[in-house]
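The following pages introduce a structure to a reader who has not met it before. Please keep the sequence and the three-dimensional view at hand while reading.

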Amino acid sequence: MDRGRSLLRSGAGRWLVAAPLVFFGLFFAYPLVRVVLRSLTLDGHLDLSAFVEIVTKGSLRRAAWFTVWQATVSTVATLLFALPGAYVLSRYSFFGRRLLRAAVTVPFVLPTVVVGAAYLALLGPGGPLGVDLRQTAWAILIAHVFFNYAVVVRIVGSFWELIDPRLEEAARALGANRAQAFLSVTLPLLLPSIAAAASIVFLFTFTSFGVVLILGGFSYATIEVAVWREATINLDLAASAALALVQMAGVATALWAYTRLQQRHARRLPLRSSRTVARRPATPGQYLVVGATIASMVLYLGAPIGTLVWRSLRTAAGPGLDHYASLVRGATSFVDPAEAIVNSLWFAAAAVVPAVAAGLASAVVIARRPGPLGARLDTFLMLPLGTSAVTIGFGFLVAFDWPLDLRTSVWLIPLAHSVVAAPFVIRTVTPVLRSVQPRLREAAAVLGASPRRVFREVELPIISRAALVGAGFAAAVSLGEFGATAFLIRPGRPTIPTAIFRLLGQPGAANLGQALALSTVLMLLTTVIIMAIDRYRVAGLGEF
Amino acid sequence: MRRLGILLAALMLVAAGCADGTPEDEGPQTVRLVTHDSFYVSEGTLEQFEAETGHTVEHLEAGDAGTMVNQAVLTKDNPVADVMFGIDNTFLGRALDEDLFEEYVSPRLVDVPDSLKLDNRVTPIDFGDVCLNYDIAGLADRGVEPPSTLRDLTNPQYSGLLVVEHPGTSSPGLAFLLATIATFGEEGDYTWESFWSDLVVNDVLVTAGWEDAYYGSFSGGSGEGDRPIVVSYASSPPAEVIYADPPVTEAPTGVVTAGCFRQIEFAGILAGTPVPNAARQLVDFMLGLTFQEDIPLNMFVFPANENAALPDEFVRYTEIPDEPAVVAPEEIDANRSRWIEEWIEVVAS
């Protein structure tokens, strides 16, 4: 009898299984089913002709094909670009490492409408590249790598820094060269986290909306764009729901493949504290690798961000902080940026709690339940990431009118954010949890620790590290969330992204300037939050 | 057992009383007003309604106009609001088809021109014309006159100068497509599709949304692009003056008054509201001068009430087109999806 595993059969264990099911069932599956049924039965009977339309309509067929193609290419490209970054940031300590690690997360949470504008400037005919890449697939791929770089760096990186370097050293001592040691020792250990990161990047690019809309112009559309188009312009709810289901099916297929891969490659590994793993570069070769990686990272991620910041500082009288001052003054009448900042912080704080609670409980269950149940749960709980924002927003609106009418409650905003954010927590915690050696648990159990105590003393410290990373992601996702928020009916509480969108919707230099300044504020907030979590993570839980 | 019977009878009486009597519709009530996310009125405007009537307004913000209509369709059986503001004629057909609104003819409609009244179930509150805007200096530099008709845009001298929005992703884009359909028609030698084919030959740039067209690709005013002609609003030049940084005395952009499409924004009382009287009062208030004169500088559209005074900038820096293109709401609703698909086939392939 594996006593280390028995927590799941104790009372607390049952709660752990129930928590994610209740959370995702109530706030994801239930609204989803309600809105899909409502959309397909608007005329009083079930109408499935929308599915036929997807096949017969040329623009929708093209959207489906383009969605798969660009998601695959974007995922491969992101891995190629970001893995060196993950390596350097997790294996080497150097001045500014923490800031850099926080900064790479910034693009990930920026509203695409803002970054899209920066990219239009960079990739336009007057940009530094000198070629006009607007409305090409290249522009979309470049922006996708930019947005998703952080996913790979943080998920793979937080795992990489737990791998004991002595393993590779041992391989080298036994005669393997550097490449052999990496390929035969480190890479197999990393695979689960690489697969986890790749699956998230794939989901994001598969459901990409803003980037494709702005940079792809009219030539390219993803299924997500088509869902949105049907819901907001064509006003065809049935077509929109049918497309959303097709997208979810695509996402579920990809997740299923990922889960299979994950099961085959999951390995237990000896984890080490990051404090001892990261070391300063020693040889000239190491300096070169670290230096070149950092330089390319700064250049690639910095260019659009730099463009954005520079534009926010541009005023008629030369560079200055005028637009920032007017954020506080609220110079524009129709939206109060200062209020939006306060609202967003509250929403982020409120969204992190359920997101981390549900995500953590889910991860524990997934990691501890071997076999098909855990795998199925894993797939199911990732689905919110692949669900159209239209569906989540409309779903809340249709579902929560009974027994309490919550449809216009302000709490729906952080709740929607938490549904979108919880999968991040799961993805960051599960790989770490899977790698916990059962012998550690068994040893503790043999020494007389109760299941609860085993959990608290052995596993909790490990989970906490990963959970904090997840919490950072969740807060950042909430701060930048725009899609689902826009499809709720809100009691007039602007968030930072909705305020930016609002400001950009009106002509005039003052509005554009404020939108750019507010975007910069959003970037700073995100950086600060991620840095704070990183600091806490290292200081409080560095050793275990 | 007898006691239970009495209890049941009493309950039934109470239930019958509830079902029978219409809800109380006098005295101070709360009116829920749902608007699109571009709604804004000056502080004190809705408060004046509250002071005059004793009612309270609860403002709810939906998505854009199209999203708001779908939100109302989805919640038709149990509406989240009593009054909807901001549905325009491009989406009106859908809402009427779904019977979202109760009929109401406001006494204040006498001050509204007949051309804005499309149906008794909705009350016109404001209108905005989607028109071509041009960069005055940009065209002058090229030695090109502003176009005076849509057809002019197919002339080689306008090659590479125009940026428009995708009708499938942008509300002004859809309005402009409707203007071309109304102008060139679906039949004959030169249809709207012929026109768009010629625009493609003339290197028209299509963007997804108004923001990327105006800020990203248009060269006039606050635009940072290189194309001097854009599909925007007749009220954009006044906005350029009002939000100029530094202040200016002349609008940097102009409006082409031919080939405009008029978006009329309506208020409607959502069917099944428990407070119909207060809802009607709110609609009346929206047609009153306080609300009407507050509209232009906050939402950059024109008031429907002819007696409302326009701000100076709206008089000096723009024109109201005499004969905007007209397509009936039912016709739009019946063909919108097909037109967009056909447009994609012409322009994207």
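**Domains, strands and the contact between chains**

In chain B, 15 residues of domain 1 are in contact with 13 residues of domain 2. On the side of domain 1 of chain B that touches domain 2 of chain B, two elements, α4 and β9 of chain B, give two or more residues. The greatest contribution to this side comes from α4(B), with seven residues. By class, the side of domain 1 of chain B that touches domain 2 of chain B holds seven nonpolar, three polar and five charged residues. The model discussed here is a predicted one.

The two domains are assigned as follows: domain 1 of chain B covers 28–126 + 264–312, and domain 2 of chain B covers 129–263 + 322–348. Between the C-alpha centres of domain 1 of chain B and domain 2 of chain B the distance is 28 Å.

Strand β9 of chain B, residues 253–270, is mostly covered, with 16 of its 18 residues buried. Several strands of chain B pair with β9(B). Strand β3 of chain B (residues 83–88) runs antiparallel to β9(B), and five bridges join the two; here B:Val83 lies opposite B:Ile269. Strand β4 of chain B (residues 101–102) is likewise antiparallel to β9(B), over two bridges, and B:Phe101 has B:Leu270 as its bridge partner. Strand β5(B) pairs with β9(B) in the antiparallel sense over 12 bridges, with B:Phe127 and B:Ile264 as bridge partners.

Strand β5 of chain B, residues 122–135, also pairs with β8(B), in the antiparallel sense and over five bridges. In that pairing B:Leu132 stands opposite B:Val231. A further neighbour in the pairing of β8(B) is strand β6 of chain B (residues 162–165), which runs parallel to β8(B) and is joined to it by two bridges; B:Val163 has B:Val230 as its bridge partner. Why is strand β8 of chain B described as largely enclosed by the rest of the structure? Strand β8 of chain B spans residues 229–233, and five of its five residues are buried, so the description follows. In general, side chains in a regular strand alternate between the two faces of the sheet.

Attention now turns to the contact between the chains. Chain B brings 56 residues to the contact, and chain A brings 48 residues. On the side of chain B that touches chain A, the elements that each supply at least two residues are β2 (56–61), α3 (65–74), α4 (89–97), β7 (205–207), α8 (210–217), α9 (236–242) and α13 (329–348) of chain B. The largest share of this side, eight residues, is that of α13(B). Sorted by class, the side of chain B that touches chain A comprises 24 nonpolar, 21 polar and 11 charged residues.

Two helices of chain A complete the account. Helix α21 of chain A, residues 451–480, has a kink of about 50 degrees at A:Glu459, shortly before the proline A:Pro461. Of the 30 residues of α21(A), 22 are buried, so this helix is largely enclosed by the rest of the structure. The second helix is α16 of chain A (residues 337–368), where A:Glu339 has its place. A:Glu339 has 15 C-beta neighbours inside 10 Å and therefore counts as partly exposed. From A:Glu339 to A:Phe209 the separation is 130 residues in sequence and 27 Å in space, C-alpha to C-alpha.

Notes:
Residues are numbered from 1 along each chain as its sequence is written. Chains are lettered from A and ligands numbered from 1 in the order in which they are written. This is a predicted model: local features need pLDDT of at least 70, side-chain atom pairs count only at pLDDT 80 or more; totals for chains, interfaces and linings use all residues. A residue is buried if 20 or more other C-beta atoms lie within 10 Å of its own, exposed if 12 or fewer, and partly exposed in between; C-beta atoms are placed from the backbone. Helices (H or I, at least four residues) and strands (E, at least two) are DSSP runs, numbered from the N terminus. Two strands pair if DSSP finds at least two bridges between them. The bend at a residue is the angle between axes fitted to the seven residues ending there and the seven starting there. Two residues are in contact if their C-beta atoms, placed from the backbone, lie within 7 Å. Ala, Val, Leu, Ile, Met, Phe, Trp, Tyr, Cys and Pro count as nonpolar, Asp, Glu, Lys and Arg as charged, and the others, Gly among them, as polar. Domain bounds come from an automatic or database domain assignment.
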